[in-house]
Amino acid sequence: RTRMPDGTITHNSWASSAVTDTQARANPTIIDVPVHLLVDGTNTIAVETHLNYRAAPNITIDLQATLTTNTSGTTTTTTPTTSTTTTSTTSTTTTTLPPGGESTTTPIPFESTWQYRYDLAAPPANWATTGFDDSTWDTGAAPIGWGSNNLTTDINRPTTERPLTVYHRGAIDITNAANATELELTVIINDGAVIYVNGTEV
């Protein structure tokens, strides 16, 4: 967690200190996610951002996820092909990759779209897990927050109506989690935040 107190965090928890948007961008939080937390299929990245005080001038969240996988071994690619007789066929190619090869992708780039919840009431206890249904949450592209000049999704409210916490959910799909060697999260946080992968704090 970043700029958050130890112990149990609730929707009424304050961030332990405040930073400006400029400071947050200059000093992003870098998290190396333990790869044993990753699963085949959908992996949920969940973030809760907290204010240091209700009249704070700004709050911001943006995140990039970089995934590195081991590409040694074999891979099978199926390619659709259309013949001259308009009959559709497929061709399958199996390629042996060199040992020790790695591939790096960015399944969540900065300015991605997130599901988010900004409400005075606490979310359900399982809000950060993969099985949680976030279809009723709002949708917006990062950066999400208020008080910054570079926001894509502005969620500002009158000071007396501001919840202390904004909840965000995104996802990455991994075909073979056993091949993942690194998942790095680069998070721009203003003021404080707690980050989860598949329901586990990282």
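Start with the residues around the largest cavity: by class, 5 are nonpolar, 1 is polar and 1 is charged. To see them, select V47, I61, D62, W114, A142, I144 and H168, which form the lining. The volume enclosed is about 40 Å³. A search of the whole structure returns 1 cavity of 30 Å³ or more. Keep in mind throughout that the model is predicted.

**Whole chain**

Zoom out and colour by secondary structure. The protein chain has 1 helix and 14 strands. Its length is 202 residues, of which 44% count as buried. Switch on a surface: the chain exposes about 10,100 Å², with carbon and sulfur atoms supplying 48% of that area. On a contact map, take the contacts with a separation of 6 or more; residues 24 or more positions apart account for 79% of them.

**The nonpolar cores**

Nonpolar side chains tend to be buried together in soluble globular proteins. Next, select L63, L183 and L185. Within the largest nonpolar core, which has 34 residues, these three touch the most other members. The elements that give two or more residues to this core are β1 (29-33), β2 (41-50), β3 (59-70), β7 (113-117), β9 (144-146), β11 (165-174), β12 and β13 (192-197). A second, separate core holds 11 residues, among them A15, A128, F132 and Y196.

Return to L185 and show its surroundings. Not counting residues up to four places away in sequence, L185 touches T29, I30, I31, V33, I45, L63, Q64, A65, I195 and V197.

**T186**

Step to T186, in strand β12, which spans residues 180-190. Is T186 buried or exposed? T186 counts as buried because its relative accessibility is 12%, and the cut-off for buried is under 20%. With neighbours within four places in sequence left aside, the contacts of T186 are P28, T29, I30, D62, L63, Q64 and F110. One of these, D62, also lines the largest cavity.

**T153**

Finally, select T153 in strand β10, residues 153-154. T153 has a relative accessibility of 12%, so it counts as buried. Which residues does T153 contact, leaving aside neighbours within four places in sequence? They are Y116, G140, A141, P143, I144 and G145. Among these, I144 is also part of the lining of the largest cavity. To end, draw a distance between the C-alpha atoms of T153 and T60: the two residues are 93 residues apart along the chain, and the separation is 9.8 Å.

Terms used: Residues numbered from 1 in each chain as written. Predicted model: local features only at pLDDT ≥ 70, side-chain atom pairs only at ≥ 80, totals over all residues. Heavy atoms only, no water. Helix = DSSP H or I, 4+ residues; strand = E, 2+ residues; numbered from the N terminus. Buried < 20%, exposed > 50% of the residue type's maximum accessible area, 1.4 Å probe, protein only. Contact = heavy atoms within 4.5 Å. 1 Å grid on protein atoms, 1.4 Å probe; cavity = no way out; pocket = protein on both sides within 12 Å on 5 of 7 lines; lining within 4 Å. Points joined across faces, edges and corners; volume = space filled by probe spheres on them. Nonpolar A, V, L, I, M, F, W, Y, C, P; charged D, E, K, R; others polar. Areas by Shrake-Rupley, 256 points an atom, 1.4 Å probe, with all protein chains shown as cover. Core = buried A, V, L, I, M, F, W, Y, C linked by side-chain atoms within 4.5 Å.
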